[in-house]
Amino acid sequence: MLNVIKVMLMTVIAFIVLLPVSWMVLSSFRLEEEIFKFTELGYHLLIPENWTLQNYRDIFSENQRPLDRYMLNTLFIAVTGTFLGLLVNSFAAFSFAKMRFPLKRSLFVIFLSTLAIPFEAIMVPQYMIIRDFGWLDTYTALIVPQIVWAFGIFLLVQFFSDIPRSLIEAARIDGASWLTIFFRVAVPMSWPAIITLGIITFVGKWDEFLWALIVISDDAKQVIQIAIASYSLETYTSWGMVFAASTIASIPTMIIFLLLQKYYIQGVTTSGIK
Amino acid sequence: MKIFSQRNREAVAAYLFILPAFGLLLLFILNPMAQSLITSFYDVNLISDQRSFLGMENYQHLLNDASFYQSLGNSFYFAILVIPIQTALALTLALLVKRSFPGVGVFRTIYFIPFIISMGVASSIFRMMYNKEAGLFNVILDGIGLPVLPFLSNPDIAMIGIVILGTWKSMGFFMIVFLAGLNNIPNDLYEAAQIDGAGPIKRFFSITLPLLKKVMAFVIIITTMDALKIFIPIYVTMAGGGPAGSTRTAAYFIYNHAFQHMDMGYATAAAFIFFIIILIISLIQMRVLRSDVEY
C-alpha cells in the first residue's frame, strides 16, 4: 500500500518535472497562430491541433543563420573544453584530496575563493587579455579561459577523498609513480564522479552565452544559444522558431546524458563511492 | 644526496598536478580579478578608453546607493528561499529513488532531465509559461480552480517565479549528489536501528541526516554561491530584473552598470563588495559545516 502511494507520488512529480520540456517540444510542432491560442484546460493545451514541421524548416533554411553551423561550432567547443577541463581539474583535485604537500590548505582556499567571483566581475579584464593575445573571434577564446573550474575541483575532491590512503600507499610501495596511481587507481574508482563532472561541464559549455557574445563577433563562429536568442529578439518574434531551435539545441545534451547515465546515475547508485 | 625524500617527491608531484590548473587560474581569474580591483578606483569609460583616478569615490557612492542595497537584498531574498526549498526537495527525491525497484531508473532519469536543459532555453520557456493569460502555468492553475500567479507582472511574487525555475532546473542534480551520499551509508546501520525499534522518522534523523553531513555541506555551499550569482533567468525570464526592479539581483546590477551604463569603475566596485560578501558567507558555511576532507 505504502509502495503504491510512493509510486503514485513519484509519477506525479515526474509529470510536473517533464511538463515544461514536453510543452517546449510539442509547441515546436505548432503553427505560429496556435501557440498562445488555448487558455483552458484540455487536450490541446499540450498537443498541437495542426501538426507542422514548418518551424523546423524555417530554422534550417534560414540563410543568414543556419542552425546546423552553430550546432557544430558549439559541439566542437563543448567537446574540447570538457576534455581539457576534466584533465586539468581532476589532476588538481587528486593532489588536494590525496597528496601531502606544504601550503595545501592555502592553495585550496585560493581555488575555492574563486567560486565566489561573479563572472560579471572579471568579464572586462578577461576580454582585454583575450584581445591582447589576439584570440578574439577564435574558438580558443571560448575554450581556454574556462578550463579551470573550482567547482569541478571541489566536486572531485569530495569523491577522491573517499579513496583509502592505504591503497595509494600500497601502490607507492610497489613503485608506482603518482601519475600511474592517478590513472590506474584514482580515475577507475571515481568514474561516476568524473562522468558527472563531464556532463555538467558539457552542459555548461553548451549553455555558453554572455562570454560568446563578447568575444565572438564573426557570425560564422557564433554559438547556439546566441542564435536562439537572436530568433527571439527579432522585432517580429517567431515563437515557433524559438521552440523549434530550443528543442533542437536540447538534443545533443540529451543524447550524451542518456548514453552516459548508465555509468553515471546507475554507477553512483549501485557501487556507491566507497 | 637525499634531497628528494619520499615526502619531498610527493610534494613535487603534487605541485606538478596542480600547476596547469593554477596557471590558468592565475592568468584568467586571479589576474582579471586584480585588474578589476584596480579599475574600481577609477572612472573608466569603455568607449573612449579614458580613465581618471577617483580613489574611494566609487565605493562611497555605492554605500549611499539605495538601488545597490536593494539588489543585494533581492539576491539574499532569492537565496534564502531557494536554498531550503531546493535542498529539501532534492533530498526527498533522493530518498524516493534510493531503493531500487523495477523502473526506478526511469524516475531517476526524468528527475535529472531539467538539469541538462540549458538555462537560457529554460528561462525563455518559463517566460512563456508564466504568461498571465495564455501561459501553461497559469492556465493550469486557473483550470484547477487556483488563483493565477502573475509572476511577470506582480513585483511581490516575481521572485517566487525564479525560485520555481531554479528549483526545477537544479533539484535533479542535487538529488544525484544526495543519492551518492545515501548509498555510502552502510545498510547494517539501518538494520540495527530497526531491530532496536527505531521508526523511519527516527532512523532519518539519527542515521541519515548526521551521516549525510559532508554531502549536505557540499550541496548547501554550492547552492548558496549559485543562488547569489543568479543572472540568466533575471535577464531572460524577467526581461532584465522586472517587474518594477523586483528581481534585480546584485549580478544584474553589476552587469547593468558595466555594459548598459558603461561605468566599469562603479560596476567593478560593486562586484568587489559582492565578492567579499559571498566569500565571507562561504567561509562561515565551511567552518560551520566543516567536512572531513583530508587536508
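How many residues does the contact take from chain B and from chain A? In this predicted model, the contact takes 104 residues from chain A and 88 residues from chain B, and the legends below begin with that interface before turning to aromatic rings and to chain B.

**View 1. The interface between chain B and chain A buries an area of about 9,000 Å².** Carbon and sulfur atoms give 77% of this buried area between the two chains. By class, the side of chain B that touches chain A has 67 nonpolar residues, alongside twelve polar and nine charged ones. The largest share of that side of chain B comes from helix α1 of chain B, residues 6-39, which supplies 24 residues.

**View 2. A salt bridge joins the side chains of A:Arg165 and B:Glu10 across the interface.** The N to O distance in this pair is 3.4 Å, which satisfies the limit of 4 Å set for a salt bridge. Between chain B and chain A the count comes to two salt bridges, while 13 residue pairs, with both residues at pLDDT 80 or more, are in polar contact between these chains.

**View 3. Aromatic rings of chain A and chain B are linked into a cluster.** From chain A, the cluster takes in A:Trp149, A:Phe151, A:Phe154 and A:Phe257, and ring pairs link these with B:Phe112, B:Phe115, B:Phe173, B:Phe174 and B:Phe218 of chain B. Over all chains, the count of aromatic pairs comes to 50.

**View 4. B:Phe253 and B:Tyr266 form a tilted aromatic pair within chain B.** The ring centres lie 6.3 Å apart, and the angle between the planes is 50 degrees; the pair counts as tilted because this angle is neither under 30 degrees, as for stacked rings, nor over 60, as for edge-to-face rings. B:Phe253 lies in helix α12 (residues 250-259) of chain B and B:Tyr266 in helix α13 (residues 264-288), so the pair ties together parts that are 13 residues apart in sequence. B:Phe253 counts as buried because its relative accessibility is 0%, and B:Tyr266, at 8% relative accessibility, counts as buried as well.

**View 5. Chain B is shown with its secondary structure of 13 helices and two strands.** Along its principal axes, the C-alpha trace of chain B spans about 85 × 75 × 30 Å. Of the 295 residues of this chain, 53% count as buried. Among the contacts in chain B between residues at least 6 apart in sequence, 66% join residues at least 24 apart.

Definitions and conventions: Residues numbered from 1 in each chain as written. Chains lettered and ligands numbered in written order. Predicted model: local features only at pLDDT ≥ 70, side-chain atom pairs only at ≥ 80, totals over all residues. Heavy atoms only, no water. Contact = heavy atoms within 4.5 Å. Buried area = accessible area lost by both parts, 1.4 Å probe. Polar contact = N/O pair within 3.5 Å; in protein donor to acceptor, adjacent residues only side chain to side chain. Helix = DSSP H or I, 4+ residues; strand = E, 2+ residues; numbered from the N terminus. Nonpolar A, V, L, I, M, F, W, Y, C, P; charged D, E, K, R; others polar. Phe/Tyr/Trp six-rings, centres within 6.5 Å; stacked < 30°, edge-to-face > 60°. Buried < 20%, exposed > 50% of the residue type's maximum accessible area, 1.4 Å probe, protein only.
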